[in-house]
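Got the viewer open? Let's walk through this one stop at a time, picking a selection and seeing what is there.

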2 protein chains.
Amino acid sequence: MPEFLTLLPPDQAREKLLAHLPPPTIDPESLTVDSALGRVTAEDIVAPHPLPEFPRTTVDGYAVRAQDTFGATDSLPTYLNLIGEVPMGDSAPFEIGAGQCAMIHTGGMLPQGADAVVMLEYTQQTSEISKDFGSLSAEIEIFKSVADGENVIRIGEDVAQDQVVIPKGTILRPAEIGGLMALGFTSVRVARKVKVGLISTGDEVIEPSQRPRPGQVRDINSYTLGALVEKSGGVAVRYGIFGDQFEVLKEAAAKALTECDVVIVTAGSSASTRDMTAEVIRQLGEPGVLVHGINTRPGKPTILGVCNGRAVIGLPGNPVSALVNGYLFVAPVIEKLLGALPKPKATVLAKLTVNLASQAGREDWWPVKLLPSPHGRGQGEGFSADPIFGKSNLIFTLANADGLLRIPPDATGFGAGEIVEVMLI
Amino acid sequence: MPEFLTLLPPDQAREKLLAHLPPPTIDPESLTVDSALGRVTAEDIVAPHPLPEFPRTTVDGYAVRAQDTFGATDSLPTYLNLIGEVPMGDSAPFEIGAGQCAMIHTGGMLPQGADAVVMLEYTQQTSEISKDFGSLSAEIEIFKSVADGENVIRIGEDVAQDQVVIPKGTILRPAEIGGLMALGFTSVRVARKVKVGLISTGDEVIEPSQRPRPGQVRDINSYTLGALVEKSGGVAVRYGIFGDQFEVLKEAAAKALTECDVVIVTAGSSASTRDMTAEVIRQLGEPGVLVHGINTRPGKPTILGVCNGRAVIGLPGNPVSALVNGYLFVAPVIEKLLGALPKPKATVLAKLTVNLASQAGREDWWPVKLLPSPHGRGQGEGFSADPIFGKSNLIFTLANADGLLRIPPDATGFGAGEIVEVMLI
């Protein structure tokens, strides 16, 4: 394995892989907006009209011409004639002239002639309101002057017509779903889900539904990685489990490569099957293997390749390595293919409970349990991070972990009591 | 509105609401494990057998009796007779006796008699391997001693039989999906999704598919909250839009209360419809309104109630308040009903770009844009947090935000340059 001589750190390995992938070519599909949560927009969304489309009041009160209120104070109020009430959901059937005002409710459309709203709190009725042919009539005392536009949302204050309101590559969250609805979009074009083919290898691996004989283990990786793919915006296609036979594996990988956007081969545990994966990737298409071996723990035997424009990733067979390296390499590939814009990654700050040593130059990912520290006040003192020690082929070390703690290549570890950043998994 | 006199801070308001809800009574349902990502387990998962079920090697090398290697060094190697190769996925058809060893591949089952494995790197073959009736025969030089159990995963080292491996209330992540598969579980009982009824009110509100007349606006809240409900583990049931008529609204809410686990009424914008929601909750069942008005911005008019054991929440009509308060109150109610165990919330640390003032005693939630600071090194210096100023009824202030910045009640704001915690939305 000569590639092992020059192990790349994970960040460089990932960059190399992503750089060899063509720009996103995933076809878009049309979805109703209320079923598009979490999907990635395939085109810029442009506002077909301004929002709001009419000037609206943000308060309950009286619509006025601002200039009529200038100078009004508690001791020297201004008096305006109430000429009506603005109906909700409709334009007012009247216009505000000099010295006039109209009752208006939050969200109501400003009547013609008015340019501001005085809050109810700064007004008082001086005479009984009498209904006269359906309209109100009274005198209103105004105790505070308002500026032009005060307490009013202008036309286009939220978005202007023809403005790009949601750029291509946006992951749709509740707020964007609402924004689309506000503009009358009930369907949206999004990138279709990335198809990821999953192949498990190893003579000792059997389907989870089967009862293992001595020496056999159930397939975990097709399912942890399938779930990760689903979580990352893909759809998993399982090709099953293949024994340690080169031609059979190559044929399965070739089939997956024609049917999927990404292919993942999880190696059997033995060195011979790990080498087999690399050879399959070499033969599958150009440029083949880009990175063989990464300076990380777990995950050193990870293989990154591109064959005919599609990512083919060989992950170690042991379930912890496979899943951790899935987070490091598979999820970013899916995000790139979806055309998703980069997003900040959320983490949890926590106080490390023990010393953790690491080899300089190597990046380590430690499963940690986060325990609340009820008396913590400062940043990172709300939790303690307790590393879970255990051989990296024990899947429950990950199931018991809340997240992964990264020790970067330029560090030789962290000390007990240090505040560390934990990536939730 | 006398309740406004004693505004509770959001944390206390939420505690009061949750304390009035009965323990989780959501029925479980059975799902295949590979479709259960993100769901909450409805019972403890107990290991039906230990994992692994047989002692496995973690390295490629030779299975030995540890005592036979004691004292072996580079200069004084020990010599062992190679009696065979352990097949992958099966038990070996031989037993390791004194002075013997067998070739074994990572993941292979330790043969009878062996108790440790010497890594390939510390061995050398002294004679040609000759195939003799299908078995290997050679002498192996051992340059390093191993301890009993070295390079071996013991039976039950991952999990012991009858151990609770995934407690009730666990949100299933890729790691748990793998853990279930490893133990042969192909189906799992999870809490069914929480049904949340959504009612929009306001004479001015119309369906998003319709073209608004002057004065009308499209319904945003049913869709932002519907998406939030979906994201939080619920399923949204939309009851539509109701005008400002008390009896009609009460009837709709009563229907929703019989059909759903939670009911949310988003008020029309006007004060009259806000009061109407409170009155509906009062009449709907005991104890009715628990909290009317919360010391937060946005969201002061939020109403929290419980009617006959079910949460009924009145949210302000303006879309930013409705969604922010959805994050604060609706998501936690869903989590409680699902029986989900508490989890650390991930945040992003960032450097605030401007001064943000806040009223003492009030909790503020500011939409912020996170911009990467490429030269940032320390914690929180990787991003700058830029508040989005805009009236809180502009939905695109949230669509443009990466997260919400909380100013706690005991602070009077944050200064430019401070490191702040941002909740991603």
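**Start with the domains**

Select domain 1 and domain 2 of chain A: their centres, taken over C-alpha atoms, are 34 Å apart. Keep in mind as you go that you're looking at a predicted model. To colour chain A by domain, use the domain assignment: domain 1 is 2-26 + 193-338, domain 2 is 28-52 + 156-191, domain 3 is 56-153 and domain 4 is 347-424.

Now zoom out to the whole of chain A. Its C-alpha trace spans about 95 × 50 × 40 Å along the principal axes. The radius of gyration of chain A is 32 Å, whereas a compact globule of 425 residues would come out near 22 Å. Switch to cartoon view and chain A shows 7 helices and 29 strands.

**A helix pair inside chain A**

Next, select residues 10-19 (helix H1) and 319-338 (helix H6) of chain A. Their axes come within 10 Å and cross at roughly 35°, and the crossing of H1(A) past H6(A) is right-handed. Turn on side chains for the contact: H1(A) brings A:Pro10, A:Arg14, A:Leu17 and A:Leu18, and H6(A) brings A:Leu328, A:Phe329, A:Pro332, A:Val333 and A:Lys336. By class, that contact has 7 nonpolar and 2 charged residues, with no polar ones.

**Across to chain B**

Time to bring in the other chain. Select helix H3 of chain A (residues 221-231) and helix H2 of chain B (residues 174-182). These two pack with their axes 8 Å apart, at an angle of about 150°. Angles over 145 degrees count as roughly antiparallel, so that is what H3(A) and H2(B) are to each other. H3(A) also passes H2(B) in a right-handed crossing.

Which residues make the contact between H3(A) and H2(B)? On H3(A), show A:Tyr223, A:Thr224, A:Ala227, A:Leu228 and A:Lys231; on H2(B), show B:Pro174, B:Ala175, B:Ile177, B:Gly178 and B:Met181. Sorted by class, this contact of H3(A) with H2(B) has 7 nonpolar, 2 polar and 1 charged residues.

**The whole interface**

Last stop: widen the selection to everything in the contact between the chains. Chain A puts in 79 residues and chain B 78. On chain B, the elements that each supply at least two residues to the side touching chain A include strand S11 (164-166), H2, helix H6 (319-338) and strand S28 (419-424). H2(B) gives the most to that side, with 8 residues. Colour the side of chain B that touches chain A by class and you'll get 39 nonpolar, 22 polar and 17 charged residues.

How values were computed. Residues numbered from 1 in each chain as written. Chains lettered and ligands numbered in written order. Predicted model: local features only at pLDDT ≥ 70, side-chain atom pairs only at ≥ 80, totals over all residues. Axes fitted to C-alpha atoms, helices over the stretch in contact; angles between N-to-C directions. Helix = DSSP H or I, 4+ residues; strand = E, 2+ residues; numbered from the N terminus. Parallel < 35°, antiparallel > 145°, perpendicular 65-115°, else oblique. Left-handed = near helix turned anticlockwise from the far one by under 90°. Contact = placed C-beta atoms within 7 Å. Nonpolar A, V, L, I, M, F, W, Y, C, P; charged D, E, K, R; others polar. Domains from an automatic or database assignment. Rg over C-alpha atoms; globule rule 2.2 N^0.38 Å.
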